[in-house]
Amino acid sequence: MATDRIQSYLEGRWQDGTGEGSPLVDPTTEAVVATASTDGIDFAAALGHARKDGNAALAALTFAERGALLQRMSTALHDRREDLIASAILNGGCTRSDAKFDVDGAILVFSHYAELGKELGDTKLLVDGDGIQLGRSPRFWGQHVFVPRNGVAILINAFNFPAWGFAEKAACAILGGMPVITKPATATAHTAWLATRAIVEGADVPAGVFGFIGGGVGDLLDHVTGQDILAFTGSASTGAMLRSNPKIVEKSVRVNVEADSLNAAVLGPDLDLSSEGFNLFVREVTREMTQKTGQKCTAVRRIFLPEANADEVIEALGERLTGLAIGDPSSEDTRMGPLASARQLADVQKGVALLREESDVVVGDPDAPVEGPNGKGYFFAPVLLKARDPQTARHVHAHEVFGPVATVVTYSGEPEDAIELVRRGEGGLVTSVYSDDKKFTEAMVLGLAPYHGRVYIGSSKVRDHALGSGLVLPQCVHGGPGRAGGGEELGGLRGVQHYMHRVAIQGSRPMVEKICDTKPAS
Ligand code: NAP
């Protein structure tokens, strides 16, 4: 089979690196599907072009016009939807359903921010709060506004969402007036490359506004300025390394990090096994463990169960986990495909070995190999473990196994006990609480809120309406403190403001109101 050559789109043209490049592999068959190299590409020139032409092009557009651009990008992706889905199956090992999750997520997030641009209308500044009287009389006036930054948003993403991952960042940045250079993880960059081709060929994007790096970033970060932004999604270790890059530190570059997260699901003691809330818990927790083969930043990694009925709950979870059809992701019957790469499989196996030092396997067999259709592939069946001693177990709260793996930790049934255990994760993207007991739920939500970007409440009342804790929606913030990187994305307008600069304008009231376009209609 002929392999594709992934090129980078920088300075308004496709550029190829020198040399053979890194192989991109089909994780189902282990066949090489593409290669990518950025060796020899001039990243300083790429940044310079985006800053000059991209900034100027976006500065000339109102929010409504930038919204229209985002809508064109959404439509361009939609027009190539089937190709993108096929690519995510081929290079990501996604089932069709998992591929749609990524690709449709990208299409939707662009169109969500397109709509927001339309609502913001024919203006270029974002007013932040009311004007303020600063002197003894209202003559001397102050007003906070957000203005576009005069730099480039560098978007570095993880391997697991090659389409949505760049789209959720790019939509906010472009609406905020910043050109973007996106860099997907090399291992699964095929889908992001096809998405870039769709955008370049179909969205009439002004020169310099959208760039794409297919491979390593070379010396790009040595050329950043204080007007640029780095938004990163990936492992905590890479995030920490990028954050402490000397040039980033020297230039005070704004950095947003989305990193590891040991997301928890807590079952309240009030939900008996026949309740609707319990059914919701089992359905959602097993889905959050296995969707995208557990390679989701919001996947459930820790399951907190009241010790009184933990064994029965594990049995119910096990029934769903062991019945799952694993195999060729292009087959309609398959419910879970392989892990995305050989490195992922090795990391998951190593992570499970670490967890087993203090936990027992209660569902699945991590030692039994799972073979793909041609006897190859990076397959791994779901595994549920149970911490032997909830009070002394450490790895379960510190090591994220990025696959279909979770660990049960039992607690007394008291909210204080569960809160203390969940907090040992030291900050996460999302925690879900399943209960119909208002007092328990309130205590859990307030106790866990400071440690999470999102707290999700599953109860019998929302059984048929809940969307699942793993779904990242553009309306709500995505991110988390501490281990999760301390970043924040999305959340409607909040996500756009991260890519803008807030400034206080002070002066005579009529002048300030004219510049900020806040003069009340007379
Ligand atoms: P990773 O190995 O940290 O890589 C993430 C990105 O960083 C990739 O694009 C990678 O490029 C790039 N990178 C690596 N070294 C770099 C360097 N020296 N300079 C510039 N860029 C560099 O993470 P991953 O394996 O792709 O993703 C898995 C991890 O991501 C998991 O730990 C998961 O928790 C986390 N994650 C978090 C979220 C969230 O929203 N919080 C979402 C998804 C995943 P190359 O591929 O070219 O090396």
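Helices (H or I, at least four residues) and strands (E, at least two) are DSSP runs numbered from the N terminus, and this naming serves the tour below. The model is predicted, with local features needing pLDDT of at least 70 and side-chain atom pairs counting only at pLDDT 80 or more, while totals for chains, interfaces and linings use all residues. Residues are numbered from 1 along each chain as its sequence is written, and side-chain values use heavy atoms, with hydrogens and water left out.

Select the ligand, then the 26 residues around it (a heavy atom within 4 Å); Asn-157, Thr-186, Ser-235, Thr-238 and Glu-400 come nearest.

Next, colour this shell by element: β11 (229-233) and α7 (236-243) are the elements that give two or more residues, and α7 gives the most, with three.

Then turn to individual polar pairs (N or O atoms within 3.5 Å). Show the side chain of Lys-183, where an N or O atom is 2.9 Å from a ligand oxygen, and that of Asp-260, where a polar atom lies 2.8 Å from an oxygen of the ligand. At Ala-259, display the backbone instead, since a polar atom there is 2.9 Å from a ligand nitrogen.

Finally, colour by domain (bounds from an automatic or database assignment): domain 1 (42-259 + 488-516) and domain 2 (264-474) each supply at least three shell residues.

Definitions and conventions
Polar contact = N/O pair within 3.5 Å; in protein donor to acceptor, adjacent residues only side chain to side chain.
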